[in-house]
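Thanks for passing this one along. Here are my notes, in the order I'd go through them with the model open.

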Amino acid sequence: MRFLDIRNALVQSWISGDFGLPWAKPGKDFDPETGEPWAALHVLPAQPGVATLGDTGQDRHDGVFQIDLNWPLNTGDSPLLAKADEVAARFKAGARFEAPPQTETLDLDFIDQEYAVYVPLCVLIRSCGVSPMRRADNWNRMSITIYYSAWINRAF
């Protein structure tokens, strides 16, 4: 369950960051409170590539962890940029995050053990940047784009 492990490591890193925003869980309904800032998380994997050869080699999994910050209209870009700076400090290039161990689950209203893994997997952050602010669904939105990589043993 390596794809799940990567998602879990990234989502857990967001939760552990304690950014003080309600957030939309992947694949779950979310109804933001009117006038209150919130975030949406998206894990966007790319096609894996072969990192080393052989049956016990590794595949490199790259992708984007996108965090959409949503603020009320007419608040300008300053609060979005301030929160983006806070998030970028956690997801700086070189940071590493592990998927939660098998004995832990994340409190996300998902099925028990959905976030459990047998062998902790490390996800490496390669870069973090932001999009220009835009109007989307009656919110000021700025997307934080976090590029990640993880190396997965083919033997698992």
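Below are a few numbered points on the core, the strand pairing and the charged pairs.

1. First, a reminder that we are looking at a predicted model, so read each point below as a statement about that model.

2. Start with the largest nonpolar core, which has 30 residues. Those touching the most other members are Trp14, Phe65, Ile67, Leu69 and Phe91. At least two core residues come from each of helix 1 (2-17), strand 2 (38-45), strand 4 (58-71), helix 2, strand 6 (122-130) and strand 8 (139-153). Strand 8 is the top contributor, with six residues.

3. Phe65 is worth a click. Leaving aside residues up to four places away in sequence, its contacts include Leu10, Val11 and Trp14. Leu41, His42 and Val43 are also among them, as are Phe91 and the run Ile144, Thr145 and Ile146, plus Tyr148.

4. On to the strands. Strand 1 (residues 23-24) runs parallel to strand 2, joined by two bridges, and here alanine 24 sits opposite alanine 40 of strand 2. Strand 2 also pairs with strand 4, this time antiparallel and over eight bridges. In that pairing, leucine 41 faces isoleucine 67 of strand 4.

5. The structure has four salt bridges, and aspartate 62 takes part in more than one listing here. Its side chain meets that of arginine 60 at 2.8 Å, N to O. Aspartate 62 also bridges to arginine 126, with the closest N and O atoms 3.3 Å apart. That second pair connects distant parts of the chain, from strand 4 to strand 6, across 64 residues.

6. How exposed is this trio? Aspartate 62 counts as partly exposed because its relative accessibility is 23%. Arginine 60, at 29%, is partly exposed, and arginine 126 gets that label at 37%.

7. Now helix 2 (residues 78-90), home of lysine 83. Is lysine 83 buried or exposed? Its relative accessibility is 13%, so lysine 83 counts as buried. Outside the four-residue sequence window, lysine 83 touches Phe19, Leu21, Leu69 and Trp71.

8. Lysine 83 has a charged partner too: glutamate 86, in a salt bridge whose closest N and O atoms are 3.1 Å apart. Both residues lie in helix 2, three residues apart, or about one turn of the helix. Glutamate 86 is partly exposed, with a relative accessible area of 35%. Elsewhere, salt bridges with shared partners tie Arg60, Asp62 and Arg126 into one network.

How values were computed
Residues are numbered from 1 along each chain as its sequence is written. This is a predicted model: local features need pLDDT of at least 70, side-chain atom pairs count only at pLDDT 80 or more; totals for chains, interfaces and linings use all residues. Side-chain values use heavy atoms; hydrogens and water are left out. Helices (H or I, at least four residues) and strands (E, at least two) are DSSP runs, numbered from the N terminus. Buried means under 20% relative accessible area, exposed over 50%, partly exposed in between (1.4 Å probe, protein chains only). Contact means heavy atoms within 4.5 Å. A nonpolar core is a set of buried Ala, Val, Leu, Ile, Met, Phe, Trp, Tyr and Cys residues joined through side-chain atoms within 4.5 Å. Two strands pair if DSSP finds at least two bridges between them.
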